[in-house]
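Work through the following exercises with the coordinates open. Each task is followed by its solution.

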Amino acid sequence: MNRRRMLRTTAGIALVAGFATAASAQQADDIAVEAAKRYRGTEITIVWEAGLQSLDPLNFSGPLWEKLTGIKVNVIEVPTAEMFTKILQEHRAGSGAYDALNVIPSWMADLVRAGALEPLDPYVDKYGYREELEDIAPVYRDNQMKVGDTIYGFPDDGDVFVFYYRKDVLGDPDIQRAFKAKLGYDLPVPPKTWKEFRDVACFVTQHTGGKPYGAAFFREAVYGQFMFQERFRVEGGRFFDPDTMKATVNSEAGVRVFEAWREENACMPPGVESWGFVENLAAFLAGDTAMTISWPPYGRWAAGYGTEEQALAWVPKSKIAGKVGYALPPGGHPQLAAGFSLAVSASSRHKEAAYLFIQWLNSKDTSLKRVQLPYALRDPFRTSHFASAEYQAKWPDAPAYLAALQAGAVTGLLDLSLIQTDKYEEALRQGISRLWAGEDPKRILDDVAAQWDAITERVGLDRQREAYGQWAAKPNAYPR
Amino acid sequence: MIRDRLAGTAPREAAPASAPRPPWRERWFRYLMVVPAVTVILFVGLFPLVYTLLVSFQRIDLVEEDTRFHGLVNYARLLADERFREALGHTFLIMGIALPVELILGLLLALLLLERLPGKPIFIALLVLPVVISPIVAGSAWRLLFDNRFGPVNQILSWMVGEPLTILWTVHPRYVYPAILVAEIWQWTPFMFLLLLAGLSAVDRALVEAAQLDGAGYVTIVLRVLLPSIRPILAVALLIRALDLFRLFDVVWALTRGGPGTMTETVSIYAYILGFQQFETSYTAALAVVIVLLLSLLVMLALRRVEIAR
C-alpha cells in the first residue's frame, strides 16, 4: 500500500515537474513569436541608428522575424544626432510612421515627458517578460529601463567605456625597469588612477620616442563630453547643487580635469585634440598608441573579430591582435556613454506587434545572437552574455574582454539626463572645443556653468530640480 | 494690298484707342487656367512663410506646445541674444572676405579663358568640377585634406619648411577661418567664373576693337569697356553668391561644426542647432522670419542699386 502511494506520489511530482519544465522552457522569444503570429501580414517600422548598427535589423533580426512570424520589419535609418528630433517630430505630427524605436537612455525622460513613449509594463506582464529582464546587467536594468516606476524601454546595448592597453608594451621588462628607476614605483599594469595613467603614458612616450605613444584618446568635443562627465565625477565633481540647482561644473574638480587633459595631450600624438572615433581607432589598431579608452567594439576589432566582414572593410587591419589587455578606466567608474534602449512609439498603430518584436529582439536567446554578430555594434548587456561559453570562445582573450564589460556594468556611470539634456551637453561640447583652442579652463567652465544656469532658468528651476533629483537618486549617477 | 502687306510696305492701320474687353467667359477661362499654378505657388511658397510667422508668435519647444498668441516674446529674446548677433557677425565676416575674393579670382580666370587658348574646353570642364560637388562632400573632403594625421596639406607644408608641422586647421582659432575660406572659395569661384565668362563672351567685339583703335590699353579696356558691359551679370552673380554665403552651412558644419566654441557659427548653423537639435521651434521660427526680412532687404537694395528690377 505504501509502495503504491509512494509510486502515485512520485508519478504526480514527475507530472507537475514536467509541466513546469515545459512552461519555463517557453522562453520570452518563443512567447513573442507565438503571439506575433496573429499579426501575420502586418508591417512594422523601427527607427535604428544609421550605419553599422542597422545591419542587425536589415541583415539578421528583421528577416528572421519576418520568417518566424510573417511580420515585415521596415528599418528607418537615422543618424544619431537626428534620432531624438525625428522621433519627437513624428510624435508631434502623430503620423504613426514609427512603431518601435531605438532611444538613447538619457533621452528617455524627455521623450516620456513629451508623451512619445508607450509604457511597457502591461505588455511585460501579459507576455511574461519580467523574469528575463532580471538577467539584464544591473547597471542597465536599474538605470536605463524606467522613468519613475514605469518601464519605457528595454536596455539593449552595453555601451560602456573600456580601458585598452598593450600588454606587450606595459609588460616590457625594459620599460618596467626604467619606469621604476625613474618614478620609484612598479609600473602598474593597468594604471588604476589618473595619476598613474599620466605617469605611464608620459614615460612610455619619452622612453620609446613616440613609437608607440603612451596613450591617445578621442578628444573631439562630441566624444570628449562623455569622457569629461566620467572623469569629473571620478574626481569628486557634482554637476549641480541639488538644493539651488546652481551649476557646479566649474568647481575645482572640473578645472582639474581640463588642466589634466591639456597636460596629458603633451604625451599623446601631435594633433590629438582633433581626433575622433576613427582617428583614435586607426592609431591604436596600427600599434601607434599603447593605451586608450573607447566603446566595446574597439576590443573586438583589435582582436581581429569580425573585421573580415565586408561591412567592416573600413576598419584598419589590427596589428595588435593578442596583445591587448582590457580593464576599467582609471578611477574604476566607466561612462555608460550613450547606449540604446528599445521602446514602442506612443503614436504607433501596431503597438502590440511592435512590442512583441522588441521583446523578441531583447530576449536572452535572440540578444545573445545579436551581440555576437561580427558586423553589428550591439555590445553584451546581459549577465548571460558575459557568461556565454560561445562568446568566450570567439578569440583567446574574449573571457577577459567580457569580464571587463561585466565589471563596467556594475560600476559604470550614467550619462547626465535632465529636461533638455542636449542643451547642457552642447554647452559642454563648446567648452571642450574652446579648451583645445587654448582658452583658460576656469574661464571656460565658468561660462559653461553660466550657460547651464540660464538653461535651467528657462526650463524652470523647480521642474529641473525635480528631474535632476530623480536622476541623481539613481544608483549609478555618481560613484558610491 | 495683300501683296503690299506681305511685303510689309502697306501703311499700318491705326491701333484702336482701347482694345475691346474679351467676353467674361473668356476672362474667367483665363483666370481658371492660371489657378492651379497660382495655388501651387501659394501653397509651396507662401504657406510655409505664413505658418513660420504664426509659429514665431507662439511658444512651442521641446517641453511645451503652447499655441496661444504670445506676442513678440521670441523676437524680444532674439534681440537680446548675443549668440545670434555673433552668428550674424561671423556670417558677414565670411561673406565680406569670400565674396570679393571669389569675384576677383572668377573675373581673372574668365578674362584669361576669354582668349583662345589650347585645351580651353578641358580647362573649363576641370575648373567647373568643384561646383558640381555637394557642399557637404566638399567640406568633408577639405576636412580630410586639413587633417593632421592623414591630410596632405600639413604634409606638404612640412616638406616646405623642412620639419614636421602640426597645424590644427579645424581646432585652432588662428586657422579655422582660413580653412573655411579656402574651402568655400575653392568651391564657388568656378561658379563666378562661369557666369562672368558667359557675360564677357557676349560683349560686342566691335567695342573692344574700337577702344584698341583709340589706343586704350588692356587694363583700360577691361575697366572701361568689358566690366561696364557685363554690369547686370556681375550684379546677379554677386547677389546669388551673397545670398548663398548668407545661408552658409555645409562647409562650416563639416569643418568646424561652428567651433571652437561658437567662433565660426553662422546664422544657419545656429538656426539648425536651435531648431533641430534643441527643438526651440517658435524661437527658431522668429529667427527665420528675421533672416527672411534681412535677406529681402538685402535683395531689394541690391536690385535697386543695379537697376535690374526694371
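The exercises below concern a predicted model.

**Exercise 1.** State the strand order of the open five-stranded sheet in chain A, and find its edge strands.

Solution. Reading across the sheet gives S2-S1-S3-S10-S6 of chain A, with mixed pairing. The edges are strand S2 (72-78) and strand S6 (154-155) of chain A, as each pairs on one side only.

**Exercise 2.** In which sense do S1 and S3 of chain A pair, and which helices lie on the sheet?

Solution. Strand S1 (residues 43-49) and strand S3 (residues 100-103) of chain A are parallel, joined over two bridges. Within this pair, A:Val47 is opposite A:Leu101. Helix H4 (residues 80-93) of chain A crosses S1, S2 and S3, at about 140° to S1(A). Helix H16 (residues 351-362) of chain A also packs on the sheet, where it touches S1, S2, S3, S6 and S10 (341-344). The directions of H16(A) and S10(A) make about 165°.

**Exercise 3.** Check the length of helix H11 (residues 194-208) of chain A against a rise of 1.5 Å a residue, then locate its buried residues.

Solution. The helix has 15 residues. The expected span is 1.5 Å times one less than that number, so 21 Å is expected for H11(A). Its end C-alpha atoms are 21 Å apart, which agrees. The buried residues of H11(A) include A:Phe197, A:Val200 and A:Val204. Their packing partners are helices H9 (167-170), H10 (173-183) and H13 (252-265) and strand S8 (291-294) of chain A. Just past H11(A), A:Gly209 has a positive phi of about 70°.

Conventions:
Residues are numbered from 1 along each chain as its sequence is written. Chains are lettered from A and ligands numbered from 1 in the order in which they are written. This is a predicted model: local features need pLDDT of at least 70, side-chain atom pairs count only at pLDDT 80 or more; totals for chains, interfaces and linings use all residues. Two strands pair if DSSP finds at least two bridges between them. Helices (H or I, at least four residues) and strands (E, at least two) are DSSP runs, numbered from the N terminus. Two residues are in contact if their C-beta atoms, placed from the backbone, lie within 7 Å. Axes are lines fitted to C-alpha atoms, for helices over the stretch in contact, and angles run from 0 to 180 degrees between N-to-C directions. A residue is buried if 20 or more other C-beta atoms lie within 10 Å of its own, exposed if 12 or fewer, and partly exposed in between; C-beta atoms are placed from the backbone.
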